[in-house]
Amino acid sequence: MAYCIGECKKYKALKPLQIGRYAAGQKRCNYCEIFVEIDGIICPCCKSQLRCLPRSRKGKEKYLAQIVR
């Protein structure tokens, strides 16, 4: 079982102004409930897999529109 040890606070990402989080390369840890900016798909804190794409249909459409530009 994974648990958050607070290591993810070092990698916390600020929200970009002009573009969405996923389009800016940020990833979200579902367990720690935080967006991080790191290379790779494993959370440095709880070792769970990071989410790299939005879950909702509306979010995915917005993401694809930003990437195609």
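Of the contacts in the chain with a separation of 6 or more, 41% are between residues 24 or more positions apart. The model described here is a predicted one, and its chain has 69 residues, of which 33% count as buried. Along its principal axes, the C-alpha trace spans about 35 × 20 × 15 Å. The secondary structure comes to one helix and two strands, and these follow the pattern β-β-α when the chain is read along the sequence.

**Around phenylalanine 35**

A search of the whole structure finds one aromatic pair. Its members are tyrosine 22 and phenylalanine 35, which meet edge-to-face, with 5.6 Å from centre to centre and 65 degrees between the planes. Because tyrosine 22 lies in the segment before strand 1 while phenylalanine 35 belongs to strand 2 (residues 34-36), the pair ties together parts that are 13 residues apart in sequence. The ring of phenylalanine 35 has a further partner in arginine 28, which lies over its face at 5.9 Å from the ring centre.

Lysine 12, placed in the segment before strand 1 (27-29), also comes into this picture. Leaving aside neighbours within four places in sequence, lysine 12 is in contact with Ile34 and Phe35. The C-alpha atoms of lysine 12 and phenylalanine 35 are separated by 6.0 Å, although the two residues are 23 residues apart along the chain.

How does the accessibility of these residues compare with the cut-offs, under 20% for buried and over 50% for exposed? The table lists the values.

| Residue | Relative accessible area | Class |
|---|---|---|
| Lysine 12 | 55% | exposed |
| Tyrosine 22 | 13% | buried |
| Phenylalanine 35 | 18% | buried |

Tyrosine 22 counts as buried because its relative accessibility is 13%, and phenylalanine 35 is likewise buried, with a value of 18%. Lysine 12, by contrast, is exposed at 55%.

**The largest pocket**

Rolling a probe the size of a water molecule over the atoms shows where empty space is left. In this model, the largest pocket holds about 160 Å³ of space. Tyrosine 22, already met as a member of the aromatic pair, is among the residues that line this pocket. The lining also includes Lys15, Pro16, Ile19, Gly20, Arg21 and Ala23, together with Pro54, Gly59, Lys62, Tyr63 and Gln66 from later in the sequence. By type, the residues of the lining divide into six nonpolar, three polar and three charged.

Methods:
Residues are numbered from 1 along each chain as its sequence is written. This is a predicted model: local features need pLDDT of at least 70, side-chain atom pairs count only at pLDDT 80 or more; totals for chains, interfaces and linings use all residues. Side-chain values use heavy atoms; hydrogens and water are left out. Helices (H or I, at least four residues) and strands (E, at least two) are DSSP runs, numbered from the N terminus. Buried means under 20% relative accessible area, exposed over 50%, partly exposed in between (1.4 Å probe, protein chains only). Contact means heavy atoms within 4.5 Å. On a 1 Å grid over the protein atoms alone, a cavity is a set of points where a 1.4 Å probe fits but cannot get out, and a pocket is an open set with protein on both sides within 12 Å along at least five of seven lines; lining residues have an atom within 4 Å of a point. Grid points are joined across faces, edges and corners, and a volume is the space filled by probe spheres set on the points. Ala, Val, Leu, Ile, Met, Phe, Trp, Tyr, Cys and Pro count as nonpolar, Asp, Glu, Lys and Arg as charged, and the others, Gly among them, as polar. Rings of Phe, Tyr and Trp (its six-membered ring) pair if their centres lie within 6.5 Å; planes under 30 degrees apart count as stacked, over 60 as edge-to-face and the rest as tilted. A charge sits over a ring if NZ of Lys or CZ of Arg is within 6 Å of the ring centre and within 35 degrees of the ring normal.
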